[in-house]
Amino acid sequence: MSVSVTFDDENLAELASEAVGRLVAEGVPAALASGDPTLWGPGAEPEATVRLGWLTLPLTSRELLPEIEKLVERARAENLNHVVLAGMGGSSLAPEVITTSADVPLTVLDTTDPGQVRRALEDRLESTILVVASKSGGTAETDSHRRIYEKAFRDAGIDPADRIVVVTDPGSPLEQSAIEAGYTVILADPTVGGRYSALSAFGLVPSALAGADVKELLDDAAAVQPLLSQTEGNPGLDLGAALGAAAADGRDKLVIEDDLSEINGLPDWIEQLIAESTGKSGKGILPVVGADPSGVDDELVVGIDTDGAVTVTGPLGAQFLVWEYATAVAGRVLGIDPFSQPNVAESKENTGELLDQAELPVGTPILVDGPVEVYGELPGSEAPEDLSDVLTRLLDAIPEDGYLTIMAYLDREAAFDAPYPEGASFEEMTDAWSGADPVTLRGQLATRTERPVTFGWGPRFLHSTGQYHKGGPQNGVFLQITGAVEDDIEVPGKPYTLGRLQLAQALGDQGALAKRGRPTVRLHLTDRVAGVERLLAAARQA
Ligand SMILES: O=P(O)(O)OC[C@H]1O[C@H](O)[C@H](O)[C@@H](O)[C@@H]1O
């Protein structure tokens with residue numbers, strides 16, 4: 001089974017077909033299939049020269065299968081059936097989709113929230129195998145998770161070398177330290193960037209350990225690969241031309257729907273791929289995930305196995321490859337380098353500088369509304385009356401072509417702790433969860449504006465849409481949510497705790513956004529449960 005890309009929008013079909021015509025005339029399909037790094041201009045060439053390995057992963061990754069199989073057998077023999085993956089962005093998003101689609105359990109740690117990390121640590125440590133996945137080997141979150149787990153294993157009398165598997169690029173500092181520590185190391189293809197690494201060791205190792213059939217993924221991707229050098233019937237070319245041409249024509253908000261799909265969560269992976277690849281030089285495509293279309297002119301709805309202006313159907317392995325190819329093509333149409341992420345480092349550097357200070361410069365709240373403190377500058381000169389007023393003013397500040405983003409530096413599983421009455425029906429349970437979930441705020445605010453409202457968990461989104469926020473068109477309005485930490489976790493060998501790192505990440509990104517003059521407000525929940533409740537109530541009133 002292959003991937004099909006179909007259009008249900010005449011204008012778009014025409015735009016896409018014109019763009020395909022131009023791309024074919026320029027020889028793009030053959031050039032891309034042969035790994036030509038000049039396709040994105042001289043500025044992008046050095047990076048593209050070492051970033052096109054994903055094109056051949058359906059074949060080259062097969063070489064990893066025996067090594068992966070051995071690892072899976074060892075884990076089974078030792079009853080290591082709680083698989084925890086520490087990895088940010090491209091190093092965890094693909095395994096998350098692969099394992100949820102295959103319905104096999106994987107605990108993903110892509111957070112600095114102490115509560116969420118503690119939850120993982122306290123869950124079956126005796127049967128835990130930890131995959132530490134980082135291409136660069138220098139990502140602070142992943143490094144912290146490794147240090148915390150090493151200590152937890154040792155404290156429990158377990159040798160970390162028996163439990164830690166490292167996936168990284170050859171020559172990274174992580175490879176070196178992992179070899180010294182005696183960890184199992186699986187090296188990934190260094191010619192593949194993080195967000196294009198779904199079919200590399202980064203996607204395959206944790207997914208296989210969790211029980212997913214990764215050979216099938218590669219088979220499905222290999223089946224679509226021959227189509228990608230064609231000038232006709234090339235799903236990657238058709239999709240990329242549509243995304244690029246639509247965005248160039250002003251339809252640059254990409255609503256990705258997957259309601260009927262058996263692939264679970266692909267939009268989250270696409271979000272990183274598209275946002276980080278295209279959101280730069282003041283251009284880009286804003287992925288909108290988990291939201292209904294609002295029917296505005298600058299919106300393009302893509303359905304995964306579900307009807308949209310463009311519908312993309314096909315198995316997961318093939319979808320990965322087609323979306324990667326389409327993103328590279330859209331980059332060419334938009335005139336950007338799809339392999340760089342120039343603005344991600346900025347927030348990281350800000351965070352590093354903040355962590356060097358004795359006290360984090362949190363500032364003074366402009367308002368305290370019960371368990372919610374409000375920091376930052378609101379559009380308009382008057383002080384806000386209450387939290388509802390803050391939300392209204394943020395909504396009013398969204399430019400005509402802009403968007404609002406909610407960024408929650410919180411525990412993304414905490415809502416499941418919400419109490420519900422004994423004997424509650426499933427509906428009552430989901431009501432209790434959504435009443436305690438900051439994600440609910442997205443839907444509430446979306447009903448009050450036609451403009452897109454997106455939601456991201458911090459710091460996860462910093463490795464994804466964070467690039468677009470800072471590098472893309474400057475028309476975003478930003479709402480951060482942070483929370484008090486009750487039970488913090490030391491990061492062994494580092495002068496900070498996870499809670500301090502988490503807050504520094506929020507402040508670091510706030511600095512980067514404020515520097516660009518974007519409206520950015522931080523809501524700090526001094527009591528997390530009561531704070532979310534208050535926030536959702538304020539959104540209802542606003
Ligand atoms: O795999 P790592 O080197 O730890 O990187 C994880 C993530 O970090 C950065 O933010 C990049 O922008 C992402 O594309 C990458 O996926």
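**Exercise 1. Find how β1 is joined to β10, and place both in their sheet.**

Step 1. Strand β10 covers residues 310–313, and 4 bridges join β1 to β10. The two strands run antiparallel. Two strands count as paired if DSSP finds at least two bridges between them. Strands (E, at least two residues) and helices (H or I, at least four) are DSSP runs, numbered from the N terminus.

Step 2. Pick out a bridge pair. F7 has V310 in β10 as its bridge partner.

Step 3. Note the ground rules. Residues are numbered from 1 along each chain as its sequence is written. This is a predicted model, in which local features need pLDDT of at least 70, side-chain atom pairs count only at pLDDT 80 or more, and totals for chains, interfaces and linings use all residues.

Step 4. Read the strand order. The sheet is open, has 5 strands and runs β1-β10-β9-β7-β8, with mixed pairing. β1 (4–7) and β8 (286–289) stand at the edges with a single partner strand each, so one side of each has no neighbour in the sheet. From one strand to the next, the twist averages 25°.

Step 5. Add the helix. α13 packs on this sheet and touches β1, β7 (253–257), β9 (299–304) and β10. The direction of α13 makes about 40° with that of β1. Contact here means that the C-beta atoms of two residues, placed from the backbone, lie within 7 Å.

**Exercise 2. Describe the packing of α1 on α13.**

Step 1. Choose the quantities. Two packed helices are described by the angle between their axes and the distance between the axes.

Step 2. Apply them. The axes of α1 (residues 10–25) and α13 (residues 235–248) come within 8 Å and cross at roughly 110°. Axes are lines fitted to C-alpha atoms, for helices over the stretch in contact, and angles run from 0 to 180 degrees between N-to-C directions.

Step 3. Classify the angle. α1 and α13 are therefore roughly perpendicular to each other. The classes are roughly parallel (under 35 degrees), roughly antiparallel (over 145), roughly perpendicular (65 to 115) and oblique (the rest).

Step 4. Give the hand. α1 passes α13 in a right-handed crossing. Right-handed means that the near helix is turned clockwise from the far one by less than a right angle, and left-handed means anticlockwise.

Step 5. List the contacts. From α1 come L12, L15, A16, E18, A19, V20 and L23. They meet L237, D238, A241, A242, G244, A245 and A246 in α13. By class, this contact has 11 nonpolar, 1 polar and 2 charged residues. Nonpolar covers Ala, Val, Leu, Ile, Met, Phe, Trp, Tyr, Cys and Pro; charged covers Asp, Glu, Lys and Arg; the others, Gly among them, are polar.

**Exercise 3. Work through the α5 and α11 pair, then the α14 and α15 pair.**

Step 1. α5 (residues 65–77) and α11 (residues 201–210) pack at about 35°, with axes 9 Å apart. Their crossing is right-handed.

Step 2. I68, L71, V72 and A75 in α5 meet L204, V205, A208 and L209 in α11. The contact divides into 8 nonpolar, no polar and no charged residues.

Step 3. α14 (residues 266–278) and α15 (residues 316–334) pack at about 25°, with axes 10 Å apart. The two are therefore roughly parallel to each other. This crossing, too, is right-handed.

Step 4. On α14, the contact residues are L266, I270, L273, I274, S277 and T278. On α15 they are Q319, W323, E324, T327, A330, G331 and L334. By class, the contact of α14 with α15 has 7 nonpolar, 5 polar and 1 charged residues.

**Exercise 4. Give the strand order of the 6-stranded sheet and the helix that packs on it.**

Step 1. The order is β11-β12-β16-β15-β13-β14, in an open sheet with mixed pairing. β11 (367–369) and β14 (453–457) stand at the edges, each with a single partner strand, so one side of each is left without a neighbour in the sheet.

Step 2. Neighbouring strands are turned by 20° against each other on average, direction ignored.

Step 3. β12 (residues 372–376) and β16 (residues 520–525) run antiparallel, joined by 5 bridges. V374 stands opposite L523 in β16.

Step 4. Helix α19 (residues 439–446) packs on the sheet, touching β13 (403–408) and β14. Its direction makes about 170° with that of β14.

**Exercise 5. Locate the backbone exceptions at P459 and D103.**

Step 1. Recall the background. Most residues other than glycine have a negative phi, and most peptide bonds are trans.

Step 2. The peptide bond from G458 to P459 is cis, with omega near 0°. P459 is in the loop between β14 and α20 (465–471).

Step 3. D103 has a positive phi of about 60°, although it is not a glycine. D103 lies in the loop between α6 (93–102) and β3 (107–109).
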